[in-house]
Amino acid sequence: MTKQDDARMMFSGLKVADLCWVGVGPIVGRILADFGATVIRIESSTRPDPLRTMPPFKDNIPGLNRSAFYTGPNCNKRSLALNLSHPKAREVAKKLIAWADVMGESFGPGVMEKWGMGYSEAKKINPEIIYYSTCMQGQTGPHKNFRGFGLHMAGLSGLYQLLGWPDREPVGPYGAFSDFIAWLWMRAVVLAALDYKRRTGKGQYIDLSQLEATMHFLGPLLLEYNVNRRSASRMGNADQYSCPHGVFPCLGKENWIAIAVENDDEWMSFCKALGNPVWTQDPKFATFPSRKVNESELNKLIGEWTRQYDAFYLMNHFQSHRVGAGVVLKPSQAHEDPQLAHRPARVTLVHGEIGPHSYSTTGTNFSKMSPRFWRAAPLLGEDTHWVLNEVLKLSEKEIANLKAAEALK
Amino acid sequence: MNTTKRLLEGYRVLDLTDEKGLLASRFLADMGAEVIKVEKPGGDDARRIGPFYKDQVDLEKSLFWFALCMNKKSITLDITKKEGQGILRQLSRKVDFLFESSPSGYMASLELGYEELSQINRQLVYVSITPFGQSGPYRDFKGPDIVVWALSGFLHLCGDPEKPPVRFSFPLAYFLACGEASIGALLAHHYRVLTGEGQWVDTSAQNACVWPTMDSRALWDIFHKDQERAGGRRYREMPSGVMQMRFVYPCRDGYVQLYIWGGKMGEASNKALQAWMEEEKFDISGFKQTGWPFGDLGKITPDGYAKVVDIASTFIAQRAKEELYEEALKRGIMLAPVSTIEDVCHNRQLRERGFWVDVRHDELSDTLRYPGPWAKLTETPLERWERAPRIGEHNNDIYRGELNMSPNELGYLMRLGVI
């Protein structure tokens, strides 16, 4: 291998014991694996990753190896099946702790301690280890044991009530939205901790509360309450500084275009793009404050105009007039979007039971390196023998004993 | 004196971003990097964004700026002027990272693009944040927040079916891009450690916002079926049919979220909810009629599930969110309030975890409460929480102290309007 090839896989040689499940924890291992680390997912059919049990399933047939929900954060990894309620399995896990540079877990607080694998124990086995834990609300505090998912944290953090119409119940974002914020901070802090370990030789323990990490995306609104005692709430598609601003119907059923006019110059361009119909010249729409006052009437007039046209035609038309506009893409359309394809935003890998399917890339491209996609997400326990034999150097007899003791499931 | 080392101590960052990119270098600043925000003379445009301290509209009182620029330094510099470009090139020699969020091609037009600056500092990690990326068919498209959400595929999934798709009433699309940009910066840093070379990190907000579309991508990918928006509900494709899962339930004083879900976690939660209802003498015969063992969602029909949801919603409607949450915590029910911003500022868990930090603003003769440590680290705790800088607050430190400018030179540049 040339030096450059080595560098492309800059984490080759880095060893990660990934005891995480669901979303926020496993994504850390994914980013390290993408750049060459050996990442071993430790999981069990006796206590499967909840994502393995959630649809969509291949051919609509449920099965621990059939969920395309699980696969995304877990490509490029190995899977070791280990039933951690079994003491012999925990001995194996401890050997992997000794082996690893980085380990992560995302069970509820206290679970790893109960198994004798909390940070204080892990540190005895491997003093330099970087050990990260992430759970809903952190390892300490009165609500640490809350059981739930990212959507609950979206609710608890104040995000959920920020999405919807002012006169209706909150709609909330699609999905476990706090996950998509928390896992950014999670990846950043582990990458920084790796550099710190390189510089000082010191590992450490990281406790990331998904609620706390999420709240930093609402910083200005939290300050607004703390200072001005105002509590921001949902306002449909209206915007503080842009008008018109919203989603408008297009030709056909359920076709929409998002449009944002950010200042009065753009308003002129927008009117021109519409062909300057008479109503656009009405003084009540001439300035931002007056448009804001007459916003619902304005939105109605715009909608009547946009609904005559194809959404993709309109996007190009508005953009050619330097007005921000974009088609509200359905999943099928996003799948084919030429810009996302150009990045590319997804790659296809062949999964053992699902077959060829898509994996998302992250939002960044690099001028000198690319992630390596060498493998789809593993089947549960797909690499059990490889890990025990190649990594931990256990003999066939030892492996057979573990299996007989039902530790490997 | 506190001698604790910081995670990213010793690394330096130039931040040339606008309001869309300001959060990216905050990730690094919180972890101890020295971040220098480059503002245009007179003050950055992001200072014009509200809300404002006590509603006083003032460049030094933007709470938006306060939140996104804490832990940073500030210098003023007009990079559209030749002299300013020269100074930026000098500064780029002295830093490890540079963040910018101008339209693709703009920095190069000022001769401050990656190509130019990497000639001066080959170790520089140069991070760009744009709506769609540095190349491709949408490269020159305008990408305000709602447009990025639309083209990522996320907007389509949000909203009530009978209303148009709806976005967050606070711009978050670029914040996700900022997170990816900071991760990209650190990945490029690891590459630099190995090779001695910097590189260009090209962040696309559209691409960053694809992840939250989650299982809707998978549903299309393996099923060729488009997920439709369903408000505080979700349609799940189950072998027995389409199950309408409900997340939001009105309660006496607001809303809560409850998951009636499958798997082991779901089973434990569902059973705990049932036990509470029984203790309260609530009629749950409808639960039992469904014959659902409470775990596997494959063992209940969509109609049976709807019945369970209906009974739970009646129970919840009679109670207040605080009471529901307290019981949920005690009993292990997957239920939590839909907090208002006010609620979350009084959240007990956050208070007891020491999440809030009080930051002194001498100029305002006030102390403001900020969100603080977003992770707890044993070796390098996140404990620097300093107020955002005033306009050009560090001009003397950087220009005189670092670039060794004479007072006369600095004065001249100020007269020219460069600083």
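Q: How many helices and strands does the secondary structure of chain B come to?
A: The model is a predicted one, and chain B in it averages a pLDDT of 95, with 99% of the residues scoring at least 70. Along its principal axes, the C-alpha trace of this chain spans about 85 × 50 × 40 Å. The secondary structure counted along chain B comes to 17 helices and 14 strands.

Q: What share of the residues in chain B is buried?
A: A residue counts as buried if 20 or more other C-beta atoms lie within 10 Å of its own. Chain B has 419 residues, and the buried ones among them make up 55%.

Q: Which residues of helix α16 of chain B are buried, and why do they lie on the same side?
A: Helix α16 of chain B runs over residues 395-402, and its buried residues are N395(B), I398(B) and Y399(B). They lie on the same side of α16(B) because they cover an arc of only 95° around the axis. In general, an α-helix has 3.6 residues a turn, so residues three or four places apart point the same way. The buried residues asked for are therefore N395(B), I398(B) and Y399(B), joined on one side by that arc of only 95°.

Q: Which exposed residues does α16(B) carry on the face turned away from its buried side?
A: The buried side of α16(B) is covered by elements that include β2 (34-39), β3 (72-76) and α17 (407-416) of chain B. On the face turned away from that buried side, the exposed residues are D397(B) and G401(B).

Q: Which strands stand at the edges of the open sheet β9-β10-β11 of chain B?
A: Three strands form this open sheet in the order β9-β10-β11, with antiparallel pairing. Two of them, β9 (248-251) and β11 (335-337) of chain B, each have a single partner strand, so one side of each is left without a neighbour in the sheet. Neighbouring strands of this sheet are turned by 30° against each other on average, direction ignored. The strands at the edges are β9(B) and β11(B).

Q: What is the bridge partner of Q257(B) in β11(B)?
A: Strand β10 of chain B, residues 254-258, runs antiparallel to β11(B) and is joined to β11(B) by three bridges. In β11(B), the bridge partner of Q257(B) is A336(B).

Q: Which helix packs on the sheet and touches β9, β10 and β11 of chain B?
A: Helix α12 of chain B, residues 302-317, packs on the sheet and touches β9 and β10, its direction making about 35° with that of β9(B). Another helix, of residues 321-331, touches β9, β10 and β11 of chain B, and its direction makes about 145° with that of β11(B). The helix asked for is α13 of chain B.

Q: Which residue of chain B does F366(A) stand opposite?
A: The contact between the chains takes 127 residues from chain A and 137 residues from chain B. Strand β12 of chain A, residues 364-366, and strand β6 of chain B, residues 199-204, pair in the antiparallel sense over three bridges. Opposite F366(A), in β6(B), stands V201(B).

Q: Is S44(A) buried or exposed?
A: The place of S44(A) is in the loop between β2 (38-43) and β3 (78-81) of chain A. Not counting residues up to four places away in sequence, S44(A) touches A81(A), L82(A), N83(A), L84(A) and K409(A). With 21 other C-beta atoms within 10 Å, against a cut-off of 20 or more, S44(A) is buried.

Methods:
Residues are numbered from 1 along each chain as its sequence is written. Chains are lettered from A and ligands numbered from 1 in the order in which they are written. This is a predicted model: local features need pLDDT of at least 70, side-chain atom pairs count only at pLDDT 80 or more; totals for chains, interfaces and linings use all residues. pLDDT is the predictor's confidence in each residue, from 0 to 100. A residue is buried if 20 or more other C-beta atoms lie within 10 Å of its own, exposed if 12 or fewer, and partly exposed in between; C-beta atoms are placed from the backbone. Helices (H or I, at least four residues) and strands (E, at least two) are DSSP runs, numbered from the N terminus. The arc is that of the directions from the helix axis to the C-beta atoms. Two residues are in contact if their C-beta atoms, placed from the backbone, lie within 7 Å. Two strands pair if DSSP finds at least two bridges between them. Axes are lines fitted to C-alpha atoms, for helices over the stretch in contact, and angles run from 0 to 180 degrees between N-to-C directions.
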